[in-house]
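These are my notebook entries on one structure. I list what I looked up, entry by entry.

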Amino acid sequence: GAAVLVSRGWVPPAYVDPARRPDGQIADPVTVTGMARPGWPQGYFVPDNDTATNHWFWGDLDAMAAYAGLDHYLPVFVEADDTANPGGLPVGGQSVVNLRNDHLQYAITWYLLAVGIAGVWFLYHFQRSRP
C-alpha cells in the first residue's frame, strides 16, 4: 500500500518538460526493474535541491515525496536499470556499481608480514643462543 519513488533515468535538458517526450509518459501500470537505494545526505559541495524546477542533487526522500504529493511511501527509491523506455527517454541505468577486488593484494601483504615476523623471531632467538 505504500508508494515507491522511482528514478527512471537521465533526460537531456531540452527534454526535461514531459510534454516534449510524450512517448515516455506511460499512464498504464508498468514493471520497473532496478536497484533499490536509501536516500543520501547532502555533501559539502552539493547544491541545495531545487524543488521549484524539480532538480534533485541529493536524496532528500521526504522532500521528494512531498513534491510528489505522497503521504505514505517507503524510505527507499528505485534507480531504473538500462531497459529501454518508449521514445528512448529517460535513459536508465545511470548507477555505476564497481566493487573492488583486492584479495590478491591483501593475501600478498599478510603473507609478507608473516614472513617478516617469522624472520624477526628467528633472528631474535638465533642471536640469544650465540655465546
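**Entry 1: Asn 54**

I began with Asn 54, which lies in the loop between S2 and H1. The model I am reading is a predicted one. I looked up the backbone of Asn 54 and noted a positive phi of about 60 degrees, although this residue is not a glycine. I then asked whether Asn 54 is buried, partly exposed or exposed. Its relative accessible area is 39%, so I recorded Asn 54 as partly exposed, the class between under 20% and over 50%.

**Entry 2: the largest pocket**

I next looked up the pockets. The largest holds about 1200 Å³ of space. I noted that 29 residues line the largest pocket, and that the closest to its centre are Val 6, Ser 7, Gly 9, Asn 54 and Trp 56. Asn 54, the residue of my first entry, is thus one of those closest to the centre. Which elements each supply at least two residues of this lining? I found strand S1 (3-7), helix H1 (61-68) and S3. By class, I recorded 16 nonpolar, 10 polar and three charged residues in the lining of the largest pocket.

**Entry 3: the second largest pocket**

For the second largest pocket I wrote down a volume of about 300 Å³. Its lining has 15 residues, and Arg 8, Val 30, Thr 31, Val 32 and Asn 85 are the closest to its centre. I divided this lining by class into seven nonpolar, five polar and three charged residues.

**Entry 4: a nonpolar surface patch**

I looked up the surface and found a nonpolar patch of about 440 Å². Which residues make this patch? They are Val 4, Val 6, Ile 26, Val 30, Val 32 and Leu 74. Val 6 is also among the residues closest to the centre of the largest pocket, and Val 30 and Val 32 are among those closest to the centre of the second largest.

I followed Leu 74 further. It is found in strand S3 (residues 73-80). Leu 74 has a relative accessible area of 38% and is therefore partly exposed; patch residues need over 30%. I also noted that Leu 74 and Ala 2 are 72 residues apart in sequence but 6.1 Å apart in space, C-alpha to C-alpha.

**Entry 5: salt bridges**

How many salt bridges does the structure hold? I recorded two.

In one of them, the side chains of Glu 79 and Arg 37 meet at 2.8 Å, N to O. This pair links distant parts of the chain: Glu 79 is in strand S3 and Arg 37 in strand S2 (residues 34-38), 42 residues apart. I looked up the accessibility of both partners. Glu 79 counts as buried because its relative accessibility is 17%, under the 20% limit. Arg 37, at 32%, is partly exposed.

In the other, the side chains of Arg 100 and Asp 102 meet at 2.6 Å, N to O. Is Arg 100 buried or exposed? Its relative accessibility is 68%, so I entered Arg 100 as exposed, the limit being over 50%. Asp 102 has a relative accessible area of 16% and is therefore buried.

**Entry 6: a cis peptide bond**

Last, I looked up the peptide bond between Leu 89 and Pro 90. I recorded this bond as cis, with omega about -5 degrees. Pro 90 lies in the loop between S3 and helix H2 (103-129).

Key:
Residues are numbered from 1 along each chain as its sequence is written. This is a predicted model: local features need pLDDT of at least 70, side-chain atom pairs count only at pLDDT 80 or more; totals for chains, interfaces and linings use all residues. Side-chain values use heavy atoms; hydrogens and water are left out. Patches are made of residues with over 30% relative accessible area and no salt bridge: like charges are joined within 9 Å, nonpolar side chains (Val, Leu, Ile, Met, Phe, Trp, Tyr) within 5 Å. Accessible areas come from the Shrake-Rupley method with a 1.4 Å probe; for residues, only the protein chains shown count as cover. A salt bridge is a side-chain nitrogen of Lys or Arg within 4 Å of a carboxyl oxygen of Asp or Glu. Helices (H or I, at least four residues) and strands (E, at least two) are DSSP runs, numbered from the N terminus. Buried means under 20% relative accessible area, exposed over 50%, partly exposed in between (1.4 Å probe, protein chains only). On a 1 Å grid over the protein atoms alone, a cavity is a set of points where a 1.4 Å probe fits but cannot get out, and a pocket is an open set with protein on both sides within 12 Å along at least five of seven lines; lining residues have an atom within 4 Å of a point. Grid points are joined across faces, edges and corners, and a volume is the space filled by probe spheres set on the points. Ala, Val, Leu, Ile, Met, Phe, Trp, Tyr, Cys and Pro count as nonpolar, Asp, Glu, Lys and Arg as charged, and the others, Gly among them, as polar.
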